[in-house]
Amino acid sequence: MHTSETESVATDPMLRAVELARMIRGHVSPNPPVGAVLIQGGRIAGEGSTLPPGGSHAEVVAIAAAGPHARGSVLYVTLEPCSHHGRTPPCTDAIVAAGVSKVVCAIPDPDSHVNGSGIQQLREAGIAVEVGPHDDDVRRILAGYITHRQTGLPLVTVKFATSLDGKIGTRTGDSRWVSGSETLAWAHAERAHLDAIAVGINTVLVDDPQLTARPCSGEDVVHQPLRVVVDSRGRTPTSARILQGLSPTLIATTEASAEQWRREIVRGGGEVALLPSDGGHVDLHALLVLLGDRGCLDLLVEGGGILLGALFDLRLVDRVQAVVAPIIIGGVDAPVAVAGRGVERMFDALRLQDVTVQRLGSDLLVEGLVPH
């Protein structure tokens, strides 16, 4: 790091901590992605990010990097330090033992084991604590963790790409590609930060996707999301690309699927989850509970329209990522992004909150939160 960069980071070290957290999003679940920076004499004495489960948390990594320079330093960390014994000892103990003089954390930890007790312990030990800098940035990075700790379920993001007239494919089923190359590059970069990515069985049968992270820039990917197929009756071919490669695959099905098919999927390297049926289809809430119990914080659902419609009808969607491409497809029988029952009155339509709009080449990415 050049001197000018060091001075810039030291001016607002929480921004560096935020960047450290952002880089590991999806790589350390069910741990939260956290970044920490120690400042001593106006310079960075040590920094670190939380390691995968069983490894040290960000604060401990930063303290180890700082060594003796941690004494008297100020610790900037994106999440309240933990105060309980889990897979690792309390971070508050390490902070006190290192002689840190002040802690600045962006947000309190919503985990019921912490929930303010970390801040309290530090203050009782004579360490000044400040809360709040860049809390909006951190809440966006930790959205999946916060949702999981509050509900036990992953944050459910729905993503789809449509034409200007709202179609996701032609009347013949051709859907490659609605969006442009910049959107594809963005989507693959995002996949490397997800815990799981899900599609319905029709998407598997029509598109035969891989659902892996394949950044166009060619950099190595250290994390692949769990691939999930919602397949109520067991129609996923054993030759499907979603079952190939090293990335794990989970197929959620019901008793309506054949036992022989389930055995073949397992022999082919996939995992089968036999879930309750809801009107002849996989109980989607039960699927989210299963994923939450497995430590999944961020789930992306990419389609198709039947699965997305069911999630919206059940009010199980937390966030929307809609890509709008400058093309017209037409056709009364052309598929749309969201099917299901829908609403009867415009008054009941879901109106997204905290909406942002971003250019991806000639496409537009509209993101927003679903109010609950």
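This report covers a five-stranded sheet, the helices on it, and the surroundings of Thr253 in a predicted model.

## Basis

Residues are numbered from 1 along each chain as its sequence is written. The model is predicted, so local features need pLDDT of at least 70 and side-chain atom pairs pLDDT 80 or more, while totals for chains, interfaces and linings use all residues; side-chain values use heavy atoms, without hydrogens and water.

## The sheet

Five strands form an open sheet in the order E2-E1-E3-E4-E5. Pairing is mixed. Strands are DSSP runs (E, at least two residues), as are helices (H or I, at least four), numbered from the N terminus; two strands pair if DSSP finds at least two bridges between them. E2 (43–49) and E5 (128–131) each have a single partner strand, so one side of each lacks a neighbour in the sheet. The twist averages 15° from one strand to the next.

E1 (residues 35–40) and E3 (residues 74–79) run antiparallel, joined by four bridges. Leu38 has Leu75 in E3 as its bridge partner.

## Helices on the sheet

Helix H2 (residues 13–23) touches E1, E2, E3 and E4 (102–107). Contact means heavy atoms within 4.5 Å. H2 makes about 150° with E1. Axes are fitted to C-alpha atoms, for helices over the stretch in contact, with angles from 0 to 180 degrees between N-to-C directions. Helix H5 (residues 117–124) lies across E4 and E5, at about 150° to E5.

## Thr253

Thr253 sits in strand E9 (residues 249–253). Its relative accessible area is 0%, so Thr253 is buried (under 20%, 1.4 Å probe, protein chains only). Polar atoms of its side chain lie 2.7 Å from the backbone oxygen of Asp231 and 3.1 Å from that of Ser232.

Conventions:
Buried means under 20% relative accessible area, exposed over 50%, partly exposed in between (1.4 Å probe, protein chains only). A polar contact is a pair of N or O atoms within 3.5 Å; within protein, one must be able to donate a hydrogen and the other to accept it, and residues adjacent in sequence count only if both atoms are side-chain atoms.
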